[in-house]
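Trainee: Please take one part of this model and go through it closely. I would like to follow how its strands and helices are put together, and how far the prediction can be relied on.

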Amino acid sequence: MRDVQVFPICMRELDVLRVEDVTPGMRRVVVGGPSMDRHVRDGVELPPVRTTGFDDDVKILPVDPVTGTLPFPVPRNQDDGTVDWPSGSFPYARTYTVRRFDEAEREMVLDFAAHEGGLAATWSRTVEPGDTVLIAGPKHSASLPREVEWMLVAGDETAQPAIAHCLEMLPADLPATVVVEVAERSHRQELRSAADVDITWLYRSEAGGDSRLVDAVRTAPWRPGQPYLWVAGEAQTITPLRRWAKQDKQIDKKFVEIAGYWRRREERTDASPAESGQARDAAARLHEMADLATPLVIRTAVTLGVFAAVDGGADTVDAIAAACSTHPGATAKLVRHLVLLDLLSTDGQRCALTEVGSLLADQDAFLNQSLHDDRIHTRLELSLLGLTETIRTGTPAATNRFADKMAEPGVADEFHEEAAFSAVYRAPALPDAVDLDGVRTVALHGDGAGVYADTLVRERPDLEITLVGHPDRNRRNLADVADERRGAVHCIDSTDITPSGSPVDLAIAVDLIDAHPDADALLLLSMLATSARRVVLVTDVLDPATTDDHDTEDDLVRMCLYGSGRRTEAEVRELIAESLGADARVGSLGWGPRWSNFGADRGRRRDPPDDSRLNLAGSRPAASRTRPRRPGQVPAFSPRDEPEREDALSPPGYLEIISERESPRRGRGPEQSYPAKSGRLERWVSGCHRSSGTHASTGHSRTVNCMTLNYVRFGHGSPLLLVHGLGVGWRSWSPIIDELAEHRDVIAVDLPGFGDTPPLTGDVSIAAFADSVADFIREHDLGGISTAGQSMGGRIVLELARRGVGGDTVALDPGGFWSDRERAVFGATLRPSIALVNMLRRFLPALLGNPAGRTLLLAQLSARPWALSRDTVLPDVRGLADSPSTGAALNALIHGPKQEGAPSGTVPGRVTIGWGRRDLVTVPRQAARASELFPDAVLHWFERCGHFPQWDAPKEATRLILDRTERG
């Protein structure tokens with residue numbers, strides 16, 4: 001129940017104006033300067049900064065405190081209102097709440113919670129007035145809640161900027177009860193408000209470091225009237241308040257906003273057996289469980305409430321069965337399988353949630369809702385049961401049609417709720433995206449149209465707005481209009497294919513043609529064109545070149561439901577041309593309005609509106625997003641030439657297509673990790689280790705090997721150095737590096753000729769690579785550091801241990817222990833594989849985007865290539881093709897000396913060698929030779945694992961590295 005404004009996402013370089021400590025626990029940085037106003041950057045005219053909400057946020061990109069630069073190219077503004085984020089830049093950015101914005105002085109205040117480490121927190125402690133910083137956003141603002149009589153606001157120090165801002169914005173007639181938890185009394189701030197505010201302060205230092213936030217909210221005095229609950233803080237801590245708000249207080253979810261600003265990860269000491277299998281991170285595993293039984297088992301457990309029961313204290317099979325009202329014997333079978341899926345753990349008697357299972361414990365979270373048998377997502381996706389008949393006939397299968405689904409109890413209401421949620425972040429862009437000059441009457445069609453009506457009444461009260469549809473849809477749409485604006489919206493009960501008796505100036509059809517096969521869509525378009533002088537279609541379009549399997553999955557689901565699939569822009573144009581003989585003016589709705597002008601309005605030339613966010617270069621509409629995206633993943637656009645505009649008489653009606661793109665949709669897939677707000681505890685540093693020519697530092701120079709070693713460094717704990725094998729460089733560790741960084745100060749290097757490190761100038765050999773890493777360790781004063789390497793990197797860290805360099809050593813599937821015949825086979829098989837990758841390089845994203853392609857290309861490297869994701873393997877495979885030292889390093893492995901060993905008692909720390917039972921590159925029998933040459937080593941076998949444990953067994957590989965380097 002908060003009105004939303006959507007703004008273009010702009011990257012700006014702002015000046016640091018002032019820096020001060022608000023309390024010992026909060027650092028304040030004030031930014032401003034000319035870039036706060038309209039200006040041109042990257043060839044794009046950027047509008048002034050706008051922010052009106054109390055919890056608006058921005059992304060900041062502080063420079064690396066070691067190098068003083070960013071470890072990637074500076075993100076660039078696009079002319080469609082988005083930012084082009086180079087690889088690695090989006091996860092590097094930190095998200096912080098705008099504490100205050102001074103419109104007159106054009107100053108923005110950002111508060112940073114103090115904590116050890118953390119890129120942004122470190123920057124806030126060292127930044128000085130006169131410095132500059134890159135900041136993107138805010139991209140949207142939400143108003144204070146409407147239709148409420150009081151607010152209950154709570155959070156920890158990460159939420160304190162938003163809470164303070166909220167209290168300052170509260171009008172005198174909107175009271176609030178507030179709970180704030182900070183580390184200690186000295187961190188308390190003076191909070192001001194014109195409203196009647198009751199504030200409770202909690203200090204963890206007075207509770208043994210434990211949080212009392214949830215209990216304080218539950219026991220807070222309850223005011224009369226409709227409340228609005230706003231809570232932010234550590235995600236796991238505040239999760240119980242969702243259930244409390246729904247079940248105990250029965251607050252309608254439209255009046256509840258609970259946001260995890262950060263997530264604490266704790267090291268587990270009771271790893272389940274499944275962790276030694278094919279586990280990846282929680283989000284990816286849930287998506288990639290592709291067999292038929294697994295998704296049905298997960299949905300059954302979610303629907304029955306198994307995870308919520310365990311979270312609520314039911315820790316035995318009988319207790320779970322009692323809580324879920326299920327048969328004990330059958331429940332035992334279900335629990336046994338859930339343990340093997342790593343969703344539950346057990347010690348033989350009692351059950352507990354695993355990290356993955358904990359994602360399913362909150363019954364009100366979207367992830368649970370999307371997997372529940374009785375919710376809209378599963379009901380619609382079950383239409384895929386008729387896919388065979390649909391593919392044969394091109395029409396929906398009997399009983400799986402959308403009309404059949406909508407007849408099921410509750411489906412129509414849930415379908416509308418999803419449509420309205422999407423519209424909340426799209427509708428605010430409509431007044432800027434569509435030319436409303438000369439428009440007086442507007443008719444809106446489709447589920448979610450009420451949100452558009454509310455926006456138009458709020459922004460253009462002079463318009464006459466009418467909702468058109470059958471009575472139930474009109475009722476649902478009208479309920480989405482704010483009470484104070486509902487009287488300005490009229491309803492006409494009618495079918496969508498009934499022509500209007502009196503044409504309106506503008507008809508807006510929200511996702512309407514999506515639900516109709518071509519023949520019905522043609523009739524619908526003809527009706528709209530005769531009922532309005534101009535028509536705007538708001539519709540999802542499919543990028544035919546998409547490499548996102550969720551896009552194509554959604555296409556198939558719609559084909560099974562509607563008989564239409566998700567149309568491409570060309571297909572929509574063909575429908576319009578066939579129905580009306582008209583062309584269309586095309587643009588995007590949401591973040592990044594982008595238009596092409598394709599017609600005129602009844603003889604009047606219609607130039608696009610004068611708006612800096614509108615671009616006349618044309619666009620390829622982005623596909624709709626049906627799953628949460630990884631940090632840094634942004635929609636790609638391929639501009640084309642703009643068709644020539646001309647004055648002409650239009651056919652009946654003027655149609656515009658708006659593609660919906662990149663809005664915060666509650667699509668399929670697990671909830672994303674929470675954005676970093678003030679106080680997120682993490683550190684990311686990257687830079688270059690220079691050992692080229694003369695190394696300059698304060699007052700002296702030194703000559704070392706002629707090369708430059710690139711590296712990244714982040715995390716906290718004892719230091720750990722990662723050395724990669726053939727491939728993309730340090731990014732080869734991407735599947736497990738984040739988890740390692742939760743427990744270690746991770747330093748990952750690019751070897752010479754890989755990643756961003758230039759090649760060696762002399763001979764390339766394993767010894768030379770080892771020299772470069774040894775130099776790096778010495779130059780960075782990292783003596784005694786634990787090391788881990790994989791493949792060629794595994795051999796390098798063993799060579800370092802043999803030389804007495806470093807501390808504990810973990811080598812995964814190391815090279816160098818083959819027989820002469822095995823080495824010949826290695827070269828004869830791997831060299832053609834690399835040549836094939838080079839030949840197919842341009843097709844790699846598509847080939848690796850499907851299981852068959854992954855199996856074809858990666859069978860030598862992975863035991864289960866079909867089960868991997870494209871995003872996991874694509875960087876390494878591309879690295880084989882692109883890295884300048886791939887060929888030379890391969891020659892060194894094939895023709896160079898074998899690995900020497902280290903007598904017992906001569907290595908500096910513990911040595912652990914991990915080997916995949918199904919490794920086809922360094923075959924398992926080589927492990928015996930490695931053990932003979934390194935008699936102090938402990939051998940660990942990865943079952944069902946190929947040459948890349950970080951691919952096939954990431955959790956097991958992570959645990960092995962952490963366990964065997966725990967002494968640092």
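Mentor: Start with the pairing of β21 and strand β22 (residues 489-493), which run parallel and share five bridges. Within that pairing, leucine 467 faces cysteine 491 of β22. β21 covers residues 464-469, and five of its six residues are buried, so the strand is mostly covered. β21 is also joined to strand β20 (residues 441-445), again in parallel and again by five bridges. There, threonine 441 has glutamate 464 of β21 as its bridge partner. The connection between these two strands passes through a helix: β20, helix α19 (residues 449-459) and β21 form a β-α-β unit that is right-handed.

Helix α20 spans residues 471-479 and contains arginine 476. Arginine 476 has a relative accessibility of 8% and therefore counts as buried, the cut-off being under 20%. Apart from neighbours within four places in sequence, arginine 476 contacts Ala412, Asp413, His416, Asp447 and His470.

For a second parallel arrangement, look earlier in the chain. Five strands make an open sheet there, in the order β15-β14-β13-β16-β17, with parallel pairing. The edge positions belong to β15 (197-203) and β17 (256-262); each has a single partner strand, so one side of each has no neighbour in the sheet. On average, and ignoring direction, neighbouring strands of this sheet are turned by 10 degrees against each other. As for the pairing itself, strands of a sheet are held together through backbone hydrogen bonds, in either the parallel or the antiparallel sense.

One of the pairs in this sheet can be followed residue by residue. Strand β16 (residues 227-234) is joined to β17 by six bridges, and the two run parallel. Glycine 233 stands opposite glycine 260, which belongs to β17. Helix α3 (residues 160-169) lies across β13 (150-155), β14 (176-182), β15, β16 and β17. Its direction makes an angle of about 155 degrees with that of β14.

Now the wider setting. The protein contains 35 helices and 37 strands, and 56% of its 968 residues are buried. Of the contacts with a separation of 6 or more, 74% are between residues 24 or more positions apart. The exposed area is about 38,500 Å², of which carbon and sulfur atoms supply 51%.

A further example of separation in sequence is aspartate 21, in strand β2 (residues 11-23). Aspartate 21 lies 90 residues from aspartate 111 in sequence, with 9.1 Å between their C-alpha atoms. Beyond its neighbours within four places in sequence, aspartate 21 contacts Met26 and Arg27.

As to reliance, this is a predicted model. The mean pLDDT of the protein is 80, and 84% of the residues score at least 70. Among the elements, strand β35 (residues 809-812) has the highest mean pLDDT, 97, and strand β30 (residues 700-703) the lowest, 25. Over residues 266-280 the pLDDT stays under 50, and the model gives this stretch 38 contacts beyond four places in sequence. Residues 592-654 also have a pLDDT below 50, with 185 contacts in the model beyond near neighbours in sequence. Predicted coordinates should not be read in detail where pLDDT is low.

Key. Residues are numbered from 1 along each chain as its sequence is written. This is a predicted model: local features need pLDDT of at least 70, side-chain atom pairs count only at pLDDT 80 or more; totals for chains, interfaces and linings use all residues. Side-chain values use heavy atoms; hydrogens and water are left out. Two strands pair if DSSP finds at least two bridges between them. Helices (H or I, at least four residues) and strands (E, at least two) are DSSP runs, numbered from the N terminus. Axes are lines fitted to C-alpha atoms, for helices over the stretch in contact, and angles run from 0 to 180 degrees between N-to-C directions. Contact means heavy atoms within 4.5 Å. Buried means under 20% relative accessible area, exposed over 50%, partly exposed in between (1.4 Å probe, protein chains only). A crossover is right-handed if, with the strands pointing away from the viewer, the path from the first strand over the helix to the second runs clockwise. pLDDT is the predictor's confidence in each residue, from 0 to 100. Accessible areas come from the Shrake-Rupley method with a 1.4 Å probe; for residues, only the protein chains shown count as cover.
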